[in-house]
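Here are some short exercises to work through with the structure open beside you. Try each task before you read its solution.

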Amino acid sequence: MDQPTVGILHPGSMGAAIAACAATNAAAVLWCETGRSTASVERAARFGLTPVAELAELLDRSDIVISLCPPAAAEDLARAVVTHRFAGVYVEANAINPERAQRIAGLLEPAATVVDGGVVGSPPVGGKTPTLYLSGPAAATSRIEALFAGTAVRTAVLGVELGKASALKLAYASFQKTSRVLVALAVGMAREHGVDQELIEVASKRTDSYLSEPQYVAKTAARAWRWGPELEEAADALAAAGLPPEMLRAAASTLARWHEVKDDGELTLTDALDRLAHP
């Protein structure tokens, strides 16, 4: 099979790194620079992505489009793609609930072939190897497997039913992200009473406790702008399954207190806890 041309929507920290891996087996990887930030431009250049001026050009030239954006923007982005009658493979790889994944598929099909995707793990840089879980039509998921063959992005196909990959992603995120929010609350409470070091000492006796590694709190704060909407999606998925969503909605509300420190790599534990207590 000829090497496909791939379009990435949009090159954030995860999207750009995923796209760079796709470039290994693609003729070109395109991104649309119109309306994007200086940081996006610099990131795309660093990963060797090819800029185009308009979304229409990206869609006309691309055989495969990968959508990786904040969860709240997923449907609007899909609607924009629909207006251009994209007819290739559309990988809906955002952290959205299964019902939204199926709704987006309904918008794009039958013109496009939709693959449900979910990325578990950190961006594929510095030796990190995330897994892109896939579900959808077998021929289309096979194309995506081939696209990432031999790269730092592992792929795993969960079947042909759209929504399975999204469900797995959100099930994992429900624990992984909420547990880190709970660490922030526990350390913040202990610090208020002058027992934060004692708390960490207690937690250190358990090798599987995030409490023993409170440095993750600052990283959680910097990622809160993405994680909060993702947990709202997971809460919707819980509600749809008849399970109580309140815990995840509360965690998302807590994360909103860190919205102003988006992607701040210099944030310290003290800064993060101070912002949590005094937003």
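**Exercise 1.** How much accessible surface does the chain have, and what percentage of it belongs to carbon and sulfur atoms?

*Solution.* Keep in mind that this is a predicted model. Step one: the accessible surface of the chain is about 13100 Å². Step two: carbon and sulfur atoms hold 53% of that surface. Now look inside: of the 279 residues, 46% count as buried, where buried means under 20% relative accessible area.

**Exercise 2.** Work out why the chain can be called as compact as a globular protein of its length.

*Solution.* Begin with the elements: there are twelve helices and eight strands. Next, compare two values: the radius of gyration is 20 Å, close to the 19 Å that the globule rule gives for 279 residues, so the chain is as compact as a globular protein of that length. Finally, picture the box filled by the C-alpha atoms, roughly 60 × 40 × 30 Å along the principal axes.

**Exercise 3.** Find the largest nonpolar core and say which element gives it the largest share.

*Solution.* This core has 28 residues, and among those touching the most other members are Leu-49, Ile-64, Val-91 and Phe-148. Elements that give two or more residues include strand S1 (5–9), helix H1 (13–22) and helix H6 (138–147). The largest share, six residues, comes from H1. Now zoom in on Phe-148: beyond its neighbours within four places in sequence, its contacts include Ile-18, Cys-21, Ile-66, Leu-132 and Val-153. As background, nonpolar side chains in soluble globular proteins tend to be buried together.

Notes: Residues numbered from 1 in each chain as written. Predicted model: local features only at pLDDT ≥ 70, side-chain atom pairs only at ≥ 80, totals over all residues. Heavy atoms only, no water. Core = buried A, V, L, I, M, F, W, Y, C linked by side-chain atoms within 4.5 Å. Buried < 20%, exposed > 50% of the residue type's maximum accessible area, 1.4 Å probe, protein only. Helix = DSSP H or I, 4+ residues; strand = E, 2+ residues; numbered from the N terminus. Contact = heavy atoms within 4.5 Å. Rg over C-alpha atoms; globule rule 2.2 N^0.38 Å. Areas by Shrake-Rupley, 256 points an atom, 1.4 Å probe, with all protein chains shown as cover.
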